[in-house]
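Please open the model in your viewer and keep the sequence panel visible. The tour proceeds by selection, with a short account of what each selection contains.

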Amino acid sequence: MPKSFPVISQEAQVQSWSIAPDATALEQLAAGIWSCAGQASARPIVVLSTAGPLIGVRAALEKYRPKVGDIQPQKAFLPQVMSFGDWLEAAPGIWRFPQKPSDLERWISVYVNLRKHPQLKSWFKAESDAGAWGLAQSVIAACDILSEAMIPQLHEQLNQLIQSQALDSEAWIKALQVMLDRTIAQAYPALSRKVVDQESEVLLTFWRYLSGVGDGVFRKHFAMAAYLGLAQTNQATPRPLIWVETADPKPIDHEVMERYLSNYAQYAPVIKVTLDWQTVALWPEALAGNNELGELKELSEEQASQVKRNLASARYQDWRLLSARRFEELAWAATQAIEAHLIAGKKNIALVAQDRLAARRARALLSRLGPALNIRDETGWKLDTTRAAAALNSWLELIRAPKEGPTASALLAFLQNPYLDIAACIQLPPEACIGLVAQLEDILIASQAKSGWETFYMAIERANVYAGNQHNAAHEALLKVLQFIRARHYAWQELNLHCANAYAMLQKDLEDTGIARALEKDSAGQQLLETMLSLDLHSSDYQFVAMRLPEWISLIKTVMEGASYAEAGKEAQATLSILPLSSTRLRSFDAVVVVGCDEQQLPAFSEPPLFFSDALNRLLRASTITAQYVQQARDFSQLLVSCASVDLLWQSKSKSGEPLRPSAWIQRLQAELPSWKAVIAQPTLYEGKAQPIKQSVTTLAADLPMPLSMSPSAYKALRDCPYKYYVRSLLGLRAAKEFEDGFDASLAGQSLHALLRNFYQALKTEEQQVHSLVNADIQARREWMEQALLTISEKEFKRLVEGDRRVLGTLRDWQKQIPSFVDWQLQREADGWRYHNAEQKVGFDLHFIDVDGMERMMRIEGRADRFDINVKSGHSAEVIDYKNQSMTKMKKRSEHVLDDPQLLIYARAANENPASAHLQDHEIKQAEWVSLKADVKRGKKAQRSLEVESVTELMPMFSEQLTKDIEKLWSRKPLAAFAPDGVCQYCEARGICRKGMW
Ligand code: SF4
């Protein structure tokens, strides 16, 4: 039976009333509040100790409003309902209170001191910047607990302070010292005395430094005292105060509030409303609670039989117990349970996220339902997980890069963020910027330019040269983009950073890049900009606190991590609220699904504070594990008893495969309710028959254009595997390239080719000098060559090394090759060979007959690394290909020259059209590969080159084979996927031909 609201007495005493937190709780509360309004003939002030039930209470007051005529018009106004936090903020004359330092100012004040004492950071394992900011937060939280512990003892002092506006902080510190010493002495055994002493010393020092009249803890009591003062002055027309304790208070809060309410009752009626667990508790701890010492209370006989009666009357038929074996099955089971409720027409559903991951997964699965279901996440969606925060983060990652420049991944992550306005950055029309980032990505990946501004510039410049050769437009806009970002990155490197100038610079960057404008158009973006405002310390003492850039960035990230993102509500046919168990308190839902009811996650305890053990917390009268346990038992009882339909789901196997049982509370219920059984959630299975995959064979579509030109590498692909050629060259499909781990030699390989070309040009010039030593004797020539190669190598690699220090290893490896390379060159010269030219584009027209008997022509063309001529044998010439490979690999290559006939193609091209290679009067009779990675171990003469045997004899065979292959291709006969495993291993088309599955 609900207890009726007390008759308001004229005695200046707090009156108590309680409601049963069952399905009728809000109705009982509304009836009581209206009764109070009627009796007092005034509009009561209702203060809820937690904010969760606020909307529910207001709605219930409206729903159960007395009929017109039963109440006087002046009382018909809805009673004023506020959460405790809102009530404090609305205190009379709050503007006169000492100014509250922002959270950020308090963090910085601690952080600055932590920085001065690295020893402190190492004690608490917080050496990193992020760790130090986390430690600063913990110190503040601990200081607040200490301040709260002081409040009852200093209550009188506080009241005097409010009147006198003066704070005797010295006296406070002494009182705290005594109290801490006492609590520490009681809490910790003598053995851990040393550590505890360090902790207490640190905390006391910070508390001494931090405490100020503006602290939230003290401000709270100023606000409460201000209300007291108002009640004192308005005694003639008192408004009743209804204090609703929606959750068990901490012992310290309980004591403070008791004292405050009795003071208030001197001036106005005060009704304290508590929750009566008599008819709701399903377990003894939920009914008895814990005592002043923080220990569980014993049940009386009457209470024990009451719990039994509660269990006997429990509507367990409305509770479904579902177990799922795997995580994914659990998420699906939760999703299906919610879908079933929606189909049954339920509109207001709660998903209690004891298992946050499973709740998130269920949320993702439910997003299939589209806008008809409004999903509200109340579990505290972190702001730093939003897309808007990722955009800001991408810029922070970029500016924190070393002065050589960021990694390509960091650069591309920033450029690809959707909030960036590239057109505004480089002041070009938006249409000129379409595809710009994709182009840059292609260039950087193709040249494996992984980090450093100089590397990026080189990659783009080389792409520009290539584009110029191909008569394509150069990538000038890309250079502008790089310049824009580099200038800002440089400005951050040069900044003598303090909080104020860093904040201003970041804001300017966000403006210049157009990110700020884009963020304003987005809900998460607006919240991010608001959170960023808290970093503006322009009127604070901390604005000129100097920091290193990583420290400051870490601060921003910590601020973003601490901020929550509130989703914008929207109209929908049904609402799903994802919330923690505590948020279901005094709220009504059509159905509740609890996910994560296993023994590990229900009950769930908050992280223990860094500084205080549970025993110390108990002595400081703060929140303890037992109190959290009791509160959750009560919340869970309330949920089961008051909600019409509850689904309890848990994962019955842990990640390690160990069986997981349901929560002990559920097991205890099952023991009392034997017919309440768990159901195993079965995933929906679909049957189908697999078709075995067969070897991939393609027949070219009639409208697929046939190739009119072919490069040596395309021809090699055709020889390797016709299907590979089809995918690569006819369909033009390429695997999306990525940056590989470690330094790739693409740009370095290009640099090697370029430096060798420059070296030989320099040698030619030197040879023409009349008095040059290179013509004098072989030793002088050797020395000049070695020196020139070293110098040119350093020069050619300089920018690459500036961009990425790892390239230095590649340069040094190459420099070790130089003496052996010069040996090889001198030996060639002794045999009569002279460098002629390099990187010549050569090709020939292949004439063939197609399947219809028509004469066709295909251009076979490529770029040869180098041509040499022989001064001793008159008209002989040789084509050379540099390979950045070991001799072993080159030997393997030489075993199948006709399948990889790159050198034969160049030889035929140069012989058919000598002018194109500037080889008039010369014939290519020789070809060789030259290794730039020869084995130059000490005392060993390196083999550097490998000659293609019998070029002249091979040439007719090669030409015949080439013609046949091209005729076959043009005949549109089926192209099959067929190649040895060695080829398939690195084949990009493997995902398409599905080799390995047939
Ligand atoms: S994986 Fe092998 S069989 Fe398949 S396309 Fe590539 S080379 Fe041919």
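The stops below run from the whole chain to two helix pairs, the ligand shell and a single residue.

**Whole protein.** Begin with everything displayed, bearing in mind that this is a predicted model. A cartoon view should show 38 helices and 22 strands. Of the 998 residues, 36% count as buried. Among contacts between residues at least 6 apart in sequence, 78% join residues at least 24 apart.

**Helices α16 and α24.** Next, select residues 387–399, which form α16, together with residues 523–533, which form α24. The two axes come within 8 Å and cross at roughly 55°. An angle between 35 and 65 degrees falls outside the parallel and perpendicular ranges, and α16 and α24 are therefore oblique to each other. Show side chains for Arg387, Ala388, Ala389 and Leu392 in α16, which meet Ala524, Gly525 and Leu528 in α24. By class, this contact comprises five nonpolar residues, one polar and one charged.

**Helices α29 and α30.** Move to residues 712–720 for α29 and residues 722–730 for α30. Here the axes come within 5 Å, at a crossing angle of roughly 140°. That angle makes α29 oblique to α30. The crossing is right-handed. On the α29 side, select Ala714, Ala717, Leu718 and Asp720; their counterparts in α30 are Pro722, Lys724, Tyr725, Arg728 and Ser729. Colouring this contact by class gives five nonpolar, one polar and three charged residues.

**The ligand shell.** Keep α30 displayed and add α37 (981–984) and α38 (990–993): each of these three helices supplies at least two residues of the shell around the ligand. Which residues are closest to the ligand? They are Cys721, Ala979, Cys984, Cys987 and Cys993, from a surrounding set of 14 residues. By class, the shell has 10 nonpolar residues and four charged ones, with no polar residues.

**Glu89.** Finally, select α3, residues 84–89, where Glu89 is found. Is Glu89 buried, exposed or partly exposed? A residue with 20 or more C-beta neighbours within 10 Å would be buried, and one with 12 or fewer exposed; Glu89 has 13 inside 10 Å and so counts as partly exposed. To end the tour, add Arg219 and draw a distance between the C-alpha atoms of Glu89 and Arg219: the separation is 9.6 Å, although the two residues lie 130 residues apart along the chain.

Definitions and conventions: Residues are numbered from 1 along each chain as its sequence is written. This is a predicted model: local features need pLDDT of at least 70, side-chain atom pairs count only at pLDDT 80 or more; totals for chains, interfaces and linings use all residues. Axes are lines fitted to C-alpha atoms, for helices over the stretch in contact, and angles run from 0 to 180 degrees between N-to-C directions. Helices (H or I, at least four residues) and strands (E, at least two) are DSSP runs, numbered from the N terminus. Angles under 35 degrees count as roughly parallel, over 145 as roughly antiparallel, 65 to 115 as roughly perpendicular and the rest as oblique. A crossing is left-handed if the near helix is turned anticlockwise from the far one by less than a right angle, and right-handed if clockwise. Two residues are in contact if their C-beta atoms, placed from the backbone, lie within 7 Å. Ala, Val, Leu, Ile, Met, Phe, Trp, Tyr, Cys and Pro count as nonpolar, Asp, Glu, Lys and Arg as charged, and the others, Gly among them, as polar. A residue is near a molecule or strand if its C-beta atom, placed from the backbone, lies within 6 Å of it.
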